[in-house]
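This report goes through selected parts of the structure shown below. Please keep the sequence and the 3D view at hand while reading.

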Amino acid sequence: MTAAGTGDSFARPGDVLRTALKWQEEGRDVALATVVSTWGSSPRPVGSHLVIDADGSFEGSVSGGCVEGAVIRAAKQVIETGDRQLLSFGVTDDEAWEVGLACGGRIEVLVVRVE
Amino acid sequence: MFQARAVVLLRPVEPGAEFLVDRSAVTAFGATDEGGAATVPDELLKHCRDALARDDARTVETEQGRYLVQTIAPPPRLIVVGAVHIAQKLIPMARLAGYRVLLLDPREAFATDHRFPDVEISHDWPQEAMPSLALDARTAVVTLSHDAKIDEPALKCAVESDAFYIGALGSRKNHARRLKRLATLGFDDEALARIHGPIGLPLGGRSPAEIAVAILAQMTRSRYAR
């Protein structure tokens, strides 16, 4: 009975989707990020969600906290433009110092605006 | 309302129609570029059914592009029998771990809103309440009342069900006596071996909260051991 919006970053997918819906019903612009694929030891499995609003408030997780910052930045763009983005993160990225996965895994995250 | 069903959310990575798929039906959201009704390719339906059965998520490459196949399942359930001190600790912990909890205790003086604020409570006897709960492989049953009149009918229902975890509070000696009584109802050793008793992983804890940790730990192990 983990309610939506309890701040539980390991909430079940359904809980995060409920949060997305609730925020949208409150009139907030919302983006949904979903882990689409993982390689190696990535902390959150395929299907894990992060929901983000235009102010950068978020619930859920797509990694152990390693790449959330970058996903939130991308989500703000997605909310603005309406164009979905497929992000990939790994230790070999140019951005590695900033948002690399310390665990050595790689993940792909799809960010879409919730319409 | 203590029951819910799982569905699969099917979403293309590229923009396109999205689908909700359950065991018997497909619901489409959005349409194809041509404006026609969107349909799910058979190949993807197979993955949807498989994901539903395994309660997992995966990405699938098809001729139509990549699709995310994701099960949205109701939370696992925990039925706590016995509104005792350990239950007061176990219920919030189990909720944090994602369980939806129902507390059963016919003793109204024990199962009060005051002692269990915001907890779903039933004062029915387990043998009355449990048959309609459809105890499935996403359900755990824990008996804590220390009263055979309450615990044993609950254990009987649990053993007859697909519950993934069954635990019974009580000493080794009491548990042995309990198993003997349940055996007279016709349960064989294999069925009775599903009951974890004494309950919980042997962590050595003594306080109600520590015992609750041991119970939740054992539930977690059972959930992923299959």
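## Strands S10 and S11 of chain B

In this predicted model, strand S10 (residues 165–168) of chain B is joined to strand S11 (residues 195–196) of chain B by 2 bridges, and the two strands run parallel. Within this pairing, B:Ile195 in S11(B) is the residue opposite B:Ile166.

S10(B) is covered on both faces. B:Tyr165 and B:Gly167 lie on one side, B:Ile166 and B:Ala168 lie on the other, and all of these residues are buried.

## Strand S9 of chain B

S10(B) also pairs with S9(B), in the parallel sense, over 4 bridges. Two positions show how these strands are matched. B:Ala140 has B:Tyr165 in S10(B) as its bridge partner, and B:Val141 stands opposite B:Ile166 in S10(B). B:Ile166 is therefore a residue with B:Val141 opposite it in S9(B) and B:Ile195 opposite it in S11(B). The connection between S9(B) and S10(B) involves helix H4 (residues 148–159) of chain B, and the three elements make a right-handed β-α-β unit.

How many of the residues of strand S9 (residues 139–143) of chain B are buried? The count is 5 of the 5, so the strand is largely enclosed by the rest of the structure. In a regular strand, side chains alternate between the two faces of the sheet. In S9(B), B:Thr139, B:Val141 and B:Thr143 point one way, while B:Ala140 and B:Val142 point the other way. Both sets of residues are buried.

S9(B) has a further parallel partner in strand S6 (residues 77–81) of chain B, to which 5 bridges join it. In that pairing, B:Val81 is opposite B:Thr143 in S9(B).

## The sheet as a whole

The pairings described so far belong to an open sheet of 6 strands in chain B. The order of the strands is S8-S7-S6-S9-S10-S11, and the pairing is parallel. Strand S8 (120–122) and S11 of chain B stand at the edges. Each of these two has a single partner strand, so one side of each is left without a neighbour in the sheet.

At the S8 edge, strand S7 (residues 100–104) of chain B pairs with S8(B) in the parallel sense over 3 bridges. B:Leu102 has B:Glu120 in S8(B) as its bridge partner.

## Chain B in numbers

Chain B holds 7 helices and 11 strands. Of its 226 residues, 48% are buried. Taken along the principal axes, the box filled by the C-alpha atoms of chain B is roughly 70 × 40 × 35 Å.

## The second largest pocket

Rolling a probe the size of a water molecule over the atoms shows where empty space is left. The second largest pocket holds about 290 Å³ of space. It is lined by 15 residues, and those closest to its centre are B:Pro198, B:Ile199, B:Gly200, B:Leu201 and B:Pro202.

Which element gives the most to the lining of this pocket? Helix H7 (residues 208–225) of chain B does, with 4 residues. By residue type, the lining divides into 8 nonpolar, 5 polar and 2 charged.

## Buried positions in chain A

Strand S1 (residues 30–39) of chain A contains A:Ser37. This residue has a relative accessible area of 9%; a residue counts as buried under 20%, so A:Ser37 is buried. The side chain of A:Ser37 makes a polar contact of 2.6 Å with the side chain of A:Glu108. A:Val30 is also placed in strand S1 of chain A, and A:Val30 is buried, with a relative accessible area of 1%.

A:Ser61 lies in the loop between strand S3 (58–60) and helix H2 (68–81) of chain A. Is A:Ser61 buried or exposed? A:Ser61 is buried, at a relative accessible area of 3%. Its side chain is joined to that of A:Arg44 by a polar contact of 2.9 Å. From C-alpha to C-alpha, A:Val30 and A:Ser61 are 15 Å apart in space, and in sequence they are 31 residues apart.

Conventions: Residues are numbered from 1 along each chain as its sequence is written. Chains are lettered from A and ligands numbered from 1 in the order in which they are written. This is a predicted model: local features need pLDDT of at least 70, side-chain atom pairs count only at pLDDT 80 or more; totals for chains, interfaces and linings use all residues. Side-chain values use heavy atoms; hydrogens and water are left out. Buried means under 20% relative accessible area, exposed over 50%, partly exposed in between (1.4 Å probe, protein chains only). Two strands pair if DSSP finds at least two bridges between them. A crossover is right-handed if, with the strands pointing away from the viewer, the path from the first strand over the helix to the second runs clockwise. A polar contact is a pair of N or O atoms within 3.5 Å; within protein, one must be able to donate a hydrogen and the other to accept it, and residues adjacent in sequence count only if both atoms are side-chain atoms. On a 1 Å grid over the protein atoms alone, a cavity is a set of points where a 1.4 Å probe fits but cannot get out, and a pocket is an open set with protein on both sides within 12 Å along at least five of seven lines; lining residues have an atom within 4 Å of a point. Grid points are joined across faces, edges and corners, and a volume is the space filled by probe spheres set on the points. Ala, Val, Leu, Ile, Met, Phe, Trp, Tyr, Cys and Pro count as nonpolar, Asp, Glu, Lys and Arg as charged, and the others, Gly among them, as polar.
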